[in-house]
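Please look over the model shown below. The report that follows takes up its confidence, its salt bridges, a sheet and the nonpolar core.

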Amino acid sequence: MMAMASQLLLLPNLRFHSNSQSAPRVISNPICRPLKLSKFQKRYKQSLRDSRVLAFYGRKTPPYKLDALEPYMSQRTLEVHWGKHHQEYVDGLNKQLENSPLYGHTLEELVKVTYNNGNPMPEFNNAAQLWNHDFFWESMQPDGGKSPWGGVLQQIEKDFGSLEKFRDEFVEAALSLFGSGWVWLVLKTKEKKFAVMKTSNAVNPLVGGEIPIIGLDMWEHAYYLDYKDDREKYVMTFLNHLVSWHTVALRMIRAEAFVNLGEPKIPVA
Amino acid sequence: MFQKMSMVFATGVMKIKYLKITHRSSIVAQFELKPPPYPLVALEPHLSRQTLEHHWGKHQKGYVENLNQQILGTELDGMGLEDIILASYNKGDPLPAFNNAAQIWNHEFFWESMKPGGGGKPSGDLLHLIERDFGSFKDFLREFVDTASAHCGSGWVWITYKANKLNVDNAVNPRPSENDYKIVVARTPNAVNPLVWDYSPLLTIDVWEHAYYLDYENRRAKYVSTIMEKLVAWDVVSSRLEVAKSRAAERAREEEERKRREEEFESEEEIDESEMFLNSDPEESEAE
């Protein structure tokens with residue numbers, strides 16, 4: 001908004017058309033006309049002079065319409081989950097960071113810094129939940145689920161034995177989680193393999209240095225309106241109909257820039 | 001010959017089934033799903049029947065069934081619910097039975113803290129203590145609702161009665177006074193409850209999302225303030241306070257007894273030492 005206003009100021013004789021103006025004024029000689037700013041332009045010029053740069057975090061919009069995941073995740077769930085919960089985390093975080101020395105981090109950095117190696121700062125919950133939910137919306141797609149293919153399937157079979165074993169482990173981790181939390185498929189950076197991980201409340205694999213590949217929200221607000229207490233059905237539905245293997249493949253491609261998954265190529269002398 | 005015995009404890013209902021006399025006896029202790037003291041529809045419109053049906057009928061039932069399976073054949077089998085909670089809490093490193101046991105206790109406590117047509121203000125000593133410790137009833141309510149809203153994740157919000165202790169286990173309060181017995185608002189994560197801190201809980205509200213999501217979606221503050229305005233059974237809370245106070249008074253008496261006995265024991269030792277010293281006869285001194 002401010003950049004737009006400054007652009008307008010560079011065009012001296014462009015009147016900003018406001019509703020209070022009655023009749024358009026006639027400009028005779030555009031170049032020699034002195035700069036006359038409207039009230040709107042004056043206000044923005046003033047604020048530009050004493051403006052500070054403020055970093056605000058925002059939430060990502062799900063890459064599909066809010067009713068696109070029906071009947072597996074209802075529109076109402078998405079309206080409340082994204083529209084209310086996710087927004088609350090954004091507003092809460094921006095409020096907490098108003099006069100904070102933590103200004104300047106990217107969201108991922110902020111999550112790691114505020115985790116503070118296990119002694120989290122008050123901003124951690126909001127920052128981490130904000131990141132987690134961005135990740136969650138992108139982990140799903142309409143008409144998702146079914147099976148992975150290609151490199152992702154190969155890696156899963158290599159690290160879990162079979163696709164079924166991965167699904168069983170994922171469901172078991174989700175059901176054995178007590179309280180609120182998340183279940184993840186991560187790429188472990190040191191062991192260089194896939195693993196299923198479950199975390200409590202707002203914690204995510206970034207704080208342990210792992211690369212998350214799939215994230216599933218097991219907080220009750222994610223499924224209670226649609227499945228009530230039937231968590232198993234929710235997790236199975238996620239695996240069968242919602243998880244976006246396309247996104248997983250993209251995340252794997254990105255992860256390979258950080259973790260070498262192939263066999264080391266040792267040159268033969 | 002089969003006999004069925006049932007024993008009723010203060011907080012849980014435990015049934016001992018099938019005591020076989022002719023064969024080697026096997027006592028199986030089973031916890032039951034205790035119903036709230038009102039019909040499931042009674043808390044409408046503040047808490048819907050559907051919520052109660054799921055909350056009590058599915059969630060709490062699950063905890064009961066799981067606990068019964070978990071304690072079978074272990075040393076926790078046969079213990080009362082509160083004892084199981086304290087034993088399985090294991091000083092912060094909880095055993096698997098803790099979550100289920102504590103959740104059963106918490107939910108029974110929760111249902112009993114409410115009644116249809118409740119709410120309003122407390123009275124008597126409870127109101128006096130609240131006003132003493134929080135300034136006013138309104139300030140107390142605001143702190144209670146703020147604590148509930150600020151809690152991240154699943155858990156419970158409590159009003160508890162804290163007995164006369166410093167917060168450090170081995171320290172002694174140098175100047176104890178009546179004001180040390182306080183009402184405290186506390187929040188706990190997941191299944192934890194203030195029994196493990198040795199506080200006396202007076203009231204609880206469940207802030208696990210399953211407790212309010214069907215009726216209030218994400219509006220946790222509205223849910224908590226509605227319960228406080230319309231459903232809280234203050235008479236039950238007051239009677240719990242009386243129990244807590246008498247428990248604290250008894251503890252204080254036991255503390256005093258113990259201290260008195262320790263002092264007597266110490267003063268006896270001092271006499272022994274001085275006697276030992278004085279008993280040496282100067283006339284038998286080896287110097288001569």
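What follows describes a predicted model, beginning with its confidence scores.

**Confidence**

The model scores ipTM 0.79 and pTM 0.80. For chain B the mean pLDDT is 85, with 79% of the residues of that chain at 70 or more. Residues 1-23 of chain B have a pLDDT below 50; this stretch nevertheless has 49 contacts in the model beyond near neighbours in sequence.

**Salt bridges**

Over all chains, the structure holds 21 salt bridges. The table lists some of those in chain B.

| Salt bridge | Closest N and O atoms |
|---|---|
| Lys115(B) with Asp235(B) | 3.4 Å |
| Asp198(B) with Arg251(B) | 2.8 Å |
| Glu242(B) with Lys245(B) | 3.6 Å |

Lys115(B) forms a salt bridge with Asp235(B). Lys115(B) sits in the loop between α3 (96-112) and α4 (124-134) of chain B, while Asp235(B) belongs to helix α8 (residues 234-278) of chain B, so this salt bridge ties together parts that are 120 residues apart in sequence. Lys115(B) is partly exposed, at 31% relative accessibility. Asp235(B) also counts as partly exposed, its relative accessible area being 46%.

The salt bridge between Asp198(B) and Arg251(B) has its closest N and O atoms 2.8 Å apart. This pair, too, links distant parts of the chain: Asp198(B) is in the loop between β5 (182-189) and β6 (200-206) of chain B, and Arg251(B) is in helix α8 of chain B, 53 residues apart. Asp198(B) has a relative accessibility of 29% and counts as partly exposed. Arg251(B) is partly exposed with a relative accessible area of 29%.

The salt bridge of Glu242(B) with Lys245(B) lies within one helix. The two residues are three residues apart in helix α8 of chain B, so about one helical turn separates them. Glu242(B) has a relative accessible area of 42% and is partly exposed; Lys245(B), at 22%, is partly exposed as well. Elsewhere, salt bridges that share partners connect Glu257(B), Arg260(B), Arg261(B) and Glu264(B) in one network.

**A sheet in chain B**

Chain B has an open sheet of three strands in the order β5-β4-β6, with antiparallel pairing. Its edge strands, β5 and β6 of chain B, each pair on one side only. From one strand to the next, the twist averages 25 degrees. Strand β4 (residues 155-162) of chain B runs antiparallel to β6(B), and six bridges join the two. Thr160(B) has Pro201(B), in β6(B), as its bridge partner. Helix α3(B) packs on the sheet and touches β4 and β6 of chain B; the direction of α3(B) makes about 85 degrees with that of β6(B).

**The nonpolar core**

In soluble globular proteins, nonpolar side chains tend to be buried together. Here the largest nonpolar core has 138 residues, and those with the most contacts inside it are Tyr234(A), Phe238(A), Tyr223(B) and Met228(B). Helix α3(B) contributes nine residues, the largest share of this core. What is Tyr234(A) in contact with, leaving aside its neighbours within four places in sequence? Its contacts are Met73(A), Phe136(A), Leu216(A), Asp217(A), Met218(A), Ala222(A), Tyr223(A) and Tyr227(A).

How values were computed
Residues are numbered from 1 along each chain as its sequence is written. Chains are lettered from A and ligands numbered from 1 in the order in which they are written. This is a predicted model: local features need pLDDT of at least 70, side-chain atom pairs count only at pLDDT 80 or more; totals for chains, interfaces and linings use all residues. Side-chain values use heavy atoms; hydrogens and water are left out. A salt bridge is a side-chain nitrogen of Lys or Arg within 4 Å of a carboxyl oxygen of Asp or Glu. Helices (H or I, at least four residues) and strands (E, at least two) are DSSP runs, numbered from the N terminus. Buried means under 20% relative accessible area, exposed over 50%, partly exposed in between (1.4 Å probe, protein chains only). Two strands pair if DSSP finds at least two bridges between them. Axes are lines fitted to C-alpha atoms, for helices over the stretch in contact, and angles run from 0 to 180 degrees between N-to-C directions. Contact means heavy atoms within 4.5 Å. pLDDT is the predictor's confidence in each residue, from 0 to 100. A nonpolar core is a set of buried Ala, Val, Leu, Ile, Met, Phe, Trp, Tyr and Cys residues joined through side-chain atoms within 4.5 Å.
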